[in-house]
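Q: I have a model open and want to go through a few spots in it. Can you take my questions as they come?

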Amino acid sequence: MEEKIIDENRQGEFLMIDGESNLKGRKLLLESYGCQMNFSDSEIVASILSEAGFSTTRDPEEADLILLNTCAIRDNAEQRVRGRLDYFRSIKKRKPEMVVGVLGCMAERLREKLLEEEKLVDLVVGPDAYRDLPNLIDQVDTGQKAVNVLLSREETYAEITPVRLNSNGITAFISIMRGCDNMCSFCVVPFTRGRERSRDPQTIVQEAKSLFDQGYREVTLLGQNVDSYKWNITNKGEILDPSKPTTNFAQLMEMVAKIHPDLRIRFSTSHPKDMTDDVLHVMAAYDNICKYIHLPVQSGSSEVLKRMNRGYSREWYLQRIEAIKRIMPDAAISTDIITGFCGETEEQHLETLSLMKEVEYDLAYMFKYSERPKTLAERKYEDDIPEEVKGRRLKEVIDVQMECSAKRTKTYVGQVHRVLVEGTSKKSDQHYQGRTTQNVVAIFPKGDAKPGDYVDVLVNSCTAVTLLGELVAVYPRIVSTEN
Ligand code: 5AD
Ligand code: SF4
């Protein structure tokens, strides 16, 4: 007999099939680390396991199954997970029947080794093997350890409806592609997430439509390199099925933008070598596509970029920035920067600082280089920049960025900005917070607005990265009642 149950935390619907699953009624604690893609994957995992009868909990004492969806991008990301496992070890001593699993990039990187290194771990599952989770958990129940780290060339979890975790009911991620074929020399992602593959555009549009109907007002299209999204076409440009249309990223974004003018679209991440003017023109043409681009540069030196195998030079990157500013003068641009990559000279570091000053990024994510096993850089170059030099360069990069961010934020004071209300401000329950199209957080008194409404905010003042303002207009959200 099938019974439809809505769990207490309203974290989604799941099916319980009476008497068929011994996973029924068990509690799952699922923690996520790393990039947005990982958080999005956790929503797929939650969907697969709720179908198998699990409900979610935030309390480790109550959990029958603890899953950590992990990141491997820098050594400190892995250390954080190890620290967390130490904490769960103390709980498992008291509750030996509790199952502990490691998912995601660290699982894929370390595989069986993780079982030897962390004795409490029962389950190791890579990013393409989540459909196998119920079987693997059954296997653990019989007293064995279970590992599935097979990478796939096809898996996109296309038809799985994610269970929205920690959702505000207004903004959501939609995964549009998986994996990465770029082989940047510093990066572990091609090894942990496998080959690039795109998801059927119809399923993406369907997911976005369904979110809009449920009241969501913003979707972020996710992929390691969204600009190389392609459907019904090979990497070499051959059409697979001539009777069907092909879809590239610009076309996909337009399809999603057309769902409804009140549905905002964001996306991440773009690769400078693949970002086309077509994408920029589609962004400019639709008000509901947010005017914000994350375009990781990594370094301002062409020599370093060559060693990083990024596929572009400083000049080429600056031309892409020029195109963004020409086609969308009001767009915000953010970036990623790595300091102290193999062989980076002081002059090359200064080139990064000068590029940052030239572009004047709105926001930047900045990191010290962390050598990752198996990568091209690990095999080919020496990690020869001393830790303290990496750290000093990182501080210089952060100082330049803080100045640029503060300068940019100040330009918004005195202007009226359209903001999507996301919820109560973390600092004051009298205030709401939301973001402008440029992805800047705005805080304002609640007035008559509600989460999910669009509002116009007159910006009166700002901190380094946040706008403070007052409401000048409210455009209430109308949620369809037909569904
Ligand atoms: N060390 C430091 N930073 C890295 N990133 C990726 N790999 C490494 C590494 N080995 C950074 C890049 C990337 C972001 C997601 O993480 O800047 O764009
Ligand atoms: Fe971390 Fe990269 Fe894996 Fe995301 S894809 S979780 S950033 S290693």
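Q: Which residues are around ligand 1?
A: Ligand 1 is surrounded by Ile73, Arg74, Phe186, Gln298, Asp336, Ile338, Phe367, Lys368, Tyr369, Ser370 and Arg372. A residue is listed if one of its heavy atoms lies within 4 Å of the ligand. This is a predicted model, where local features need pLDDT of at least 70, side-chain atom pairs count only at pLDDT 80 or more, and totals for chains, interfaces and linings use all residues. Residues are numbered from 1 along each chain as its sequence is written, chains are lettered from A and ligands numbered from 1 in the order in which they are written, and side-chain values use heavy atoms, with hydrogens and water left out.

Q: What lies 3.0 Å from an oxygen atom of ligand 1?
A: A polar side-chain atom of arginine 74. Glutamine 298 also has a polar side-chain atom by an oxygen atom of the ligand, at 2.6 Å.

Q: And which atom of phenylalanine 186 lies 3.1 Å from a nitrogen atom of the ligand?
A: A backbone N or O atom of phenylalanine 186.

Q: Asp336 was on that list. Which histidine has its side chain in a polar contact with aspartate 336?
A: Histidine 294, at 3.0 Å. A polar contact is a pair of N or O atoms within 3.5 Å; within protein, one must be able to donate a hydrogen and the other to accept it, and residues adjacent in sequence count only if both atoms are side-chain atoms. The histidine 294 side chain has another such contact, of 2.7 Å, with that of serine 334.

Q: Is histidine 294 buried or exposed?
A: Buried, with a relative accessible area of 8%. Buried means under 20%, exposed over 50%, and partly exposed in between (1.4 Å probe, protein chains only). Histidine 294 sits in strand 16, residues 292-294. Strands (E, at least two residues) and helices (H or I, at least four) are DSSP runs, numbered from the N terminus.

Q: What does histidine 294 touch, leaving out residues up to four places away in sequence?
A: Ser268, Thr269, Ser270, Ser334, Thr335, Asp336 and Tyr365. Contact means heavy atoms within 4.5 Å.

Q: Switching to the sheet. What is the strand order?
A: The 6 strands run 4-3-5-6-7-8 in an open sheet with parallel pairing. Strand 4 (55-56) and strand 8 (146-148) are the edges, each pairing on one side only. Two strands pair if DSSP finds at least two bridges between them.

Q: How many bridges link strand 5 and strand 6?
A: There are 5, in the parallel sense. Leucine 68 stands opposite valine 102 there, and leucine 65 has valine 99 as its bridge partner in strand 6. Strand 3 (residues 27-32) also pairs with strand 5 over 5 bridges, again parallel, with leucine 28 opposite leucine 65.

Q: Why is strand 5 largely enclosed?
A: Because 6 of its 6 residues, 65-70, are buried. Leu65, Leu67 and Asn69 are buried on one side, and Ile66, Leu68 and Thr70 on the other.

Q: Which helix joins strand 5 and strand 6 in a β-α-β unit?
A: Helix 2, residues 75-94, and the unit is right-handed. That is, with the strands pointing away from the viewer, the path from the first strand over the helix to the second runs clockwise.
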